[in-house]
Amino acid sequence: MVAGDLQRMPEGRKHLRRLSQTPHSDQGPAQKSRKKLQVIICVLLVELCERFTFFGIVCNTILFCTVKLGYNNYLAATVNLCFIGASTLTPVLVGWFAETCLGRTKVLYVCAFLHFFGTAMLPVVAFPFEDFYIDTHHMTHQLEPREQQILFYIGLLAAALGIGGIRAILCPMGAYSLQGYNQHQLLSFFNWFYWLVNLNSTVVFLGIAYIQQSVAKNLGFLIPFTSVLLALIAIHMMRNKLTYKPKKVGSLLTTLGVFLNSFKMCCLHYRHLSGDVASWLDRAKENNGGRYSETHVENVKVLAKLFPLYGLQLLYRACITQIPSGYYIQTMNSNLHLHDFLLPIAAMNVVSILPLLLLAPLIECVTTCYLSKEKSPLAPVKVITLGHACAALSVLVAGLTELQRKAYPLVEQTLSGKVLQVSSMPCFQLAPQYILLGLAEALVTPACSLISFQLTPSHIRGISLHFLTLSYGGGCFLGAFIIQLVYFTSGGNFYPSILHDGNLERFFFLLATLMAINTFVFWSISYRYMDLSVQGKALTTSPLTEKLLRYKACLRFYDTVDRSYTNNSIESIL
């Protein structure tokens, strides 16, 4: 109707109507800026609430499992590491599910519900029922231990899935426009990004841990429940405007499919076929009898060069997870009293975060000074090697400190309403191992993100960061597996329930030895990632080119034409 009316109007009136329907030039940009500001505020609010929930659960799980559920130290540490690993892996898996199956909006609401449900289960389990649920006959309504454990695990699983969905859909790394950045700008972005994340976790560790163990017993799990309400409000405020729609440029399934098809074709090659290829992954190409195009295979070959980097992050991440597991148990069994004040256990976690909060601005200043003098700063791969060495040294110091801690006499200390026998050694003497591990994290994580981003073509950088995330989550599960393996092979001696009756230091010495070997292996292959100036080139081929390549393969198979003529003719077309 509008188009028809415009056609029937005189030329002058048509021009006048168009001017009247056009918004003022000063209102358009102002409205866009206002909407952009609303989106930024809501995303920051959701990010804050999600991190608040995650760290609130992490810093309370071991204490709750050991004091309230009666778990041994190794089992409590395993539960905590599995929750961290699941929360790290689910953003990748939920993001893929949202793209291929249900849709991002529906998955967002499902994950928001799971997040709400999971964090609601935890207060049900952690509430001191003897204080709040007393009926008229003065009978307490306590949950049976089995029911309590079932609700606890259901809550952890639902919260992990919800956290993964919120991270994948509302706050993905791909939402930041990093395509046009140079190496210095990328490193600066990753440094400040992780700086903000750790600044948030500092507030969370201090606040929630103190509430949990000093003020309101087990009410610490109520804070995640409250924070998820804020996240739901933020999601309701903006709805789909909070979601970021990334470009569809391949998936993890395609990458894994190339590997499986290459392996299958290699097996067939040795049994039936003949001919050689430059790389075993080339057998997945269609012109070599595989199922995937040359574009997909070449992209996977670029990613495969980074797999040694990802693989060597597994053991490093297992060392980093000692902060919420082994180091946490050490701190819990040390003297937390500062005069008459009972320090929260997570205060030592803040000590591990301080190096990152201080180093990010320092690294930024040093890098800027080097660039102003036209000098090259330290290569990221050397920074990673130094960080791995700091992680190995931290675990070694933890073993030596454990020997010193056991030499102190035992004293009584009340945690979460229960009196425990702990060492009289002040918990501040554990600070060096926390500082070294925080220093390692400040050096390694931004540099790994930079290498993963810089050495891959722009259209597969999201997949590269997904693999890096998978290595981080896999490292958490590897840490849990090492704890289980060491506990059962040593008969509980290397990871004891009562630290004075066992030898936890031997576990730390074993982990330090493994990490030292891991550091040496990474140093030996670090030359592969020294030069970041040559970025991965995007391979794009037209359908006609791929058809010509398949036609060329058919001619060679039947040997019907001269090979030199075929090569020259097709290469001239390409």
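**Exercise 1. Determine whether helix 16 is enclosed or open, and check its length.**

Of the 24 residues of helix 16, 21 are buried, so the helix is largely enclosed by the rest of the structure. Buried means under 20% relative accessible area, exposed over 50%, and partly exposed in between (1.4 Å probe, protein chains only). Helices (H or I, at least four residues) and strands (E, at least two) are DSSP runs, numbered from the N terminus.

For the length, the expected span is 1.5 Å times one less than the number of residues. For the 24 residues of helix 16 this gives 34 Å, and the end C-alpha atoms are 35 Å apart, which agrees.

The model is predicted: local features need pLDDT of at least 70, side-chain atom pairs count only at pLDDT 80 or more, and totals for chains, interfaces and linings use all residues. Residues are numbered from 1 along each chain as its sequence is written, and side-chain values use heavy atoms, with hydrogens and water left out.

**Exercise 2. State how many salt bridges there are, and place each one.**

Step 1. The criterion is a side-chain nitrogen of Lys or Arg within 4 Å of a carboxyl oxygen of Asp or Glu. By this rule the count is three salt bridges.

Step 2. Glu441 pairs with Arg317, with 3.2 Å between the closest N and O atoms. This pair links distant parts of the chain, since Glu441 is in helix 16 (residues 431-454) and Arg317 in helix 12 (residues 307-320), 124 residues apart. Both Glu441 and Arg317 are buried.

Step 3. Glu402 and Arg405 form a salt bridge at 2.8 Å, N to O. Because they are three residues apart in helix 15 (residues 380-406), about one helical turn separates Glu402 from Arg405. An α-helix has 3.6 residues a turn, so residues three or four places apart point the same way. Glu402 is buried at a relative accessible area of 0%, and Arg405 is buried at 0% as well.

Step 4. Glu505 and Lys406 meet at 3.2 Å, N to O. Here too the pair links distant parts of the chain: Glu505 is in helix 18 (residues 504-525) and Lys406 in helix 15, 99 residues apart. Glu505 has 4% relative accessibility and counts as buried.

**Exercise 3. Find which residues touch the most other members of the largest nonpolar core.**

Step 1. A nonpolar core is a set of buried Ala, Val, Leu, Ile, Met, Phe, Trp, Tyr and Cys residues joined through side-chain atoms within 4.5 Å.

Step 2. The largest core has 113 residues, and those touching the most other members are Phe83, Phe152, Leu309, Ile451, Tyr495 and Phe507.

Step 3. Contact means heavy atoms within 4.5 Å. Leaving out residues up to four places away in sequence, Phe83 touches Phe54, Ile57, Val58, Leu156, Ala159, Ala160 and Ile163.

**Exercise 4. Describe the surroundings of Thr519.**

Thr519 lies in helix 18 and is buried, with a relative accessible area of 11%. Beyond four places in sequence, Thr519 touches Thr385, His388 and Ala389.

**Exercise 5. Decide where the coordinates deserve caution.**

Step 1. pLDDT is the predictor's confidence in each residue, from 0 to 100. The chain has a mean of 75, and 70% of its residues reach 70 or more.

Step 2. Confidence is lowest in helix 1 (residues 2-8), with a mean of 39, and highest in helix 18, at 95. Over residues 534-546 the pLDDT is below 50, and over residues 548-574 it stays under 50.

Step 3. Where pLDDT is low, the predicted coordinates should not be read in detail.
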